Amino acid sequence: MNDIVAPTIRIEVACTRGFDKAEQSCLVYQHVHDILEERETIPMGTTFTIPVPFVLQVEVCTNINQYMVRSALQFNIYMLHETPSVAETINHGTEEVEISNHTLLPSRELHGLWESLIYEEGIKDSMLAFAESSMLFARKGVDTNLITCNRLALFHGPPGTGKTSLCKAIAQKLAVRLNGEYRHAHLVEINSHSLFSRWFSESGKLVQKVFSEIIALLEDKHSLVCVLVDEVESIAYARERISSNEPSDSIRVVNAVLTQLDRLRQFPNVFILATSNLTDSIDVAFLDRADFVQYIGHPTERAIYEIYRSALHNLQAIGIVEKEGKINRRLSASAFDELPSYEDATEPGRASCTTLDILLQIVKLSAGQSGRTLRKIPFLAHALYVKKETDSMLNFLAAMRQAIRKVQNDKHLLKKDNLSDAAIVTSNGSL
């Protein structure tokens, strides 16, 4: 009879400089095991801390149910780089041009970014699975004549929805997951606006120089290189939409980008991420090279709730919002003690609770706002309406409700002014 193999529980442990893997690993294992034994179920993505020097955070990367054996643990202990990102420049003529930003991964600067991003269920997991499969196919040497895998992902959608942050978080996560495969990991963010607009007449040459720098990193087979091209339409503009009156350099730069992407594809240790607010402006040849295209829209009600919930939890932890007793003992315990999950908060049978009722009202008021705007609301609430060091949860929520209404009104007035200006221009033009 075949032995039943217990499913593996994946654990990621973030450490800072000073952690001694040989000396402290056993202590980490023991603390994590004890915590896992205490709870019947633990959702994937749960994070916690343990009292071990230089251990910053522990993350559970597997959904754990009550039947799983807690001894089948697979640990991935990694060190965070403290070095901040560095601007890479090249001399072009008599001036120095900033062509990219270079970050060593996994970076302390990007730590916690993955967990802070809240999207529709499945988006982050699907993207990470795509990235890991892409790199696996490349490492194993899959025949690209039979199976196409360009290792290029494109995220598109309205501004402020977190596309760039998601790309950085994926690069960080990929560096963590593959730290056993590569000794070093890099994130290179291409400054596409600087390349195209500042040196318009020689953009193609600058594109080649940028990618030559990336290829120099890729030549070290022990290095993972993640390339981020933000607002890719700046350097991959649809050639069929370029007017015959525009300089031919516009077409040359797109050709150069496509050629360089094909060069990068020859290296198995590269992964490319791109973002766009205007997908209809991207050249079709670039779109064809993207294996994974994901729309990132404005947050759903559930995502809005979780964004506010995490922000309020942080404000409680640092004392700006006063901590209160448990909101409802019938609600399940969570990482954010006072505020339950969206599912529990919206459960039809839950007891009446003024705090949750107000928060859910704010969530509905916030529909249609970008994630970037939502994350400003707690600050605006405090700056404009609270105006003191600390306040109760109810008072702070009332201030947030005022803040979101102010933001909506300001945007409405701004839109109205823009329409008035456009009408004046049109009127003057017709005279």
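In this predicted model, Ile190 touches Ile99, Ser100, Leu195, Val210, Phe211, Ile214, Val227, Leu228, Val229 and Asp230, leaving out residues up to four places away in sequence. Ile190 also belongs to the largest nonpolar core, which has 36 residues. Together with Ile214, Val227, Val232, Leu264 and Phe286, Ile190 touches the most other members of that core. Several elements each supply at least two of its residues. The strands are strand 6 (95–105), strand 7 (152–156), strand 8 (184–190), strand 9 (223–229) and strand 10 (270–276). The helices are helix 6 (203–218), helix 7 (249–264) and helix 8 (284–289). A second, separate core holds 32 residues, including Leu117, Cys167, Leu228 and Ile296. In soluble globular proteins, nonpolar side chains tend to be buried together.

An open sheet is built from 4 strands in the order 2-3-1-4, with mixed pairing. Strand 2 (47–48) and strand 4 (73–79) stand at the edges. Each has a single partner strand, so one side of each is left without a neighbour in the sheet. Strand 2 pairs with strand 3 (residues 55–60) in the antiparallel sense, over 2 bridges. Phe48 stands opposite Val58 of strand 3.

Two helices pack on this sheet. Helix 1 (residues 21–38) touches strand 1 (9–15), strand 2, strand 3 and strand 4. The direction of helix 1 makes about 130 degrees with that of strand 4. Helix 4 touches strand 1, strand 3 and strand 4. Its direction makes about 105 degrees with that of strand 1.

Helix 4 (residues 163–177) has 15 residues. From first C-alpha to last it reaches 21 Å, close to the 21 Å expected at 1.5 Å a residue. Of its 15 residues, 12 are buried, so helix 4 is largely enclosed by the rest of the structure. Among the buried residues are Leu166, Cys167, Ile170, Leu174 and Val176. Charged residues are also on that list, including Lys163, Lys173 and Arg177.

Cys167 is buried at 0% relative accessibility. Cys15 likewise has a relative accessible area of 0% and is buried. The structure holds 0 disulfides.

Gln294 lies in strand 11 (residues 292–295). Its relative accessible area is 19%. Buried status requires a value under 20%, so Gln294 counts as buried. Neighbours within four places in sequence aside, Gln294 is in contact with Ile123, Leu154, Phe155 and His156.

Key:
Residues are numbered from 1 along each chain as its sequence is written. This is a predicted model: local features need pLDDT of at least 70, side-chain atom pairs count only at pLDDT 80 or more; totals for chains, interfaces and linings use all residues. Side-chain values use heavy atoms; hydrogens and water are left out. Buried means under 20% relative accessible area, exposed over 50%, partly exposed in between (1.4 Å probe, protein chains only). Contact means heavy atoms within 4.5 Å. The expected span of a helix is 1.5 Å times one less than its number of residues. A disulfide is a pair of cysteine sulfur atoms within 2.5 Å. Two strands pair if DSSP finds at least two bridges between them. Axes are lines fitted to C-alpha atoms, for helices over the stretch in contact, and angles run from 0 to 180 degrees between N-to-C directions. A nonpolar core is a set of buried Ala, Val, Leu, Ile, Met, Phe, Trp, Tyr and Cys residues joined through side-chain atoms within 4.5 Å.
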